[in-house]
Amino acid sequence: MECISTVVPCYNEESVLESFYNEISKVASEMKNVKFEFLFIDDGSKDNSSETAKKILSKSNIQYKIIKKKNEGVSVARNVGIENSNGEILYFLDSDDYVEDTLCETIIETVEKNDVDIMFFKYKSRKKFADYNKYNVVMDSKTMLIDLLHYKFMYHICAFAVKKSIVIKNNIKFTEGARYGEDHEFIIKVLCNSNKGIVLNKVLFNYCERDDSAVQKFTLSRIDSLESALRTNDYMEKYYNDKNMNKEIHIYVATKIMYNIDEVIKFKKADRISDDAYEKVLDVIKKNK
């Protein structure tokens, strides 16, 4: 039985940690024969996040590590979690979301039974996402990547698991400093280097969108999403070096850019973006037309 390492980055989340760890403890209590490791990465919190985490986790039966570091962003925090993990399977979770009780058991059973490197599963959100058109289907990674590029199934960093060996062997990391798009970039790089994967017809993750979260506001760091799409484009082109595959890649990147243009226009109409920021975003888009 393989072990799953759950990596949770955190920054000033003391107020939500008690309910979060209560949920994690429920998950742990359901796992009778499953090996589970929890890595809490405190990304330079100014509150008592680490102390609160230790107080709660020390009373549970969860095997855990608490790593406190200076504030460098979520990408670095996740990379630190990967470096310090001991499990054969990696799973990433945010401290303001929650998972179903059977998460870890289902991930391990699915990966082992189907001998896959990577898996996606369904998740709930306040937003109405398109449903998957393929369920419980094992696919080679290239077919799965093309389906992903065409949005035939929705994906999220917390609704995804991967064998650690794929990440380590191919030196795949979250791009440091990036605040948007770095998760999709990571997933696509993993897919490029995997043999086969599966999309599971089961909800295991619940995405809790907060009205005051970063994704609800416009800042210039949103440009990171464009730059991430362009880095992903370069990575896939070099990896596949295939004319037909390049067409699929370019369609995906163009879709990402069009989404950002649409978003900027909406913020502009709602007067939620300054003229200066608006012009800077347009400059980035024009340079990469």
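Hi everyone, this is a short talk about one helix and one asparagine in a predicted model.

Let's start with the helix, H10, which runs through residues 275-287. How far apart should the ends of its 13 residues be? At 1.5 Å a residue, H10 should span 18 Å, and its end C-alpha atoms are indeed 18 Å apart, so the two values agree.

Now, which residues of H10 are buried? They are Ala277, Tyr278, Val281, Leu282, Val284 and Ile285. These residues cover an arc of only 155° around the axis, which means they sit on the same side of H10. If you look at the face turned away from that buried side, you'll find the exposed residues Asp275, Lys286 and Lys287. And what covers the buried residues? The cover includes helix H8 (223-240) and helix H9 (243-269).

Let's move to the asparagine. Asparagine 12 is in the loop between strand E1 (3-10) and helix H1 (14-30). Its relative accessibility is 30%, so asparagine 12 counts as partly exposed, because that class lies between buried, under 20%, and exposed, over 50%.

Who are its partners further along the chain? Leaving out residues up to four places away in sequence, asparagine 12 touches Ser45, Lys46, Asp47 and Ser49. Two of these contacts involve backbone nitrogens. The backbone nitrogen of lysine 46 is 2.6 Å from a polar atom of the asparagine 12 side chain, and that side chain also reaches the backbone nitrogen of aspartate 47 at 3.3 Å. One more pair to find on your screen: asparagine 12 and serine 50 are 38 residues apart in sequence, with their C-alpha atoms 9.3 Å apart in space.

Thanks for listening!

How values were computed:
Residues numbered from 1 in each chain as written. Predicted model: local features only at pLDDT ≥ 70, side-chain atom pairs only at ≥ 80, totals over all residues. Heavy atoms only, no water. Helix = DSSP H or I, 4+ residues; strand = E, 2+ residues; numbered from the N terminus. Expected span 1.5 Å × (residues − 1). Buried < 20%, exposed > 50% of the residue type's maximum accessible area, 1.4 Å probe, protein only. Arc of directions from axis to C-beta. Contact = heavy atoms within 4.5 Å. Polar contact = N/O pair within 3.5 Å; in protein donor to acceptor, adjacent residues only side chain to side chain.
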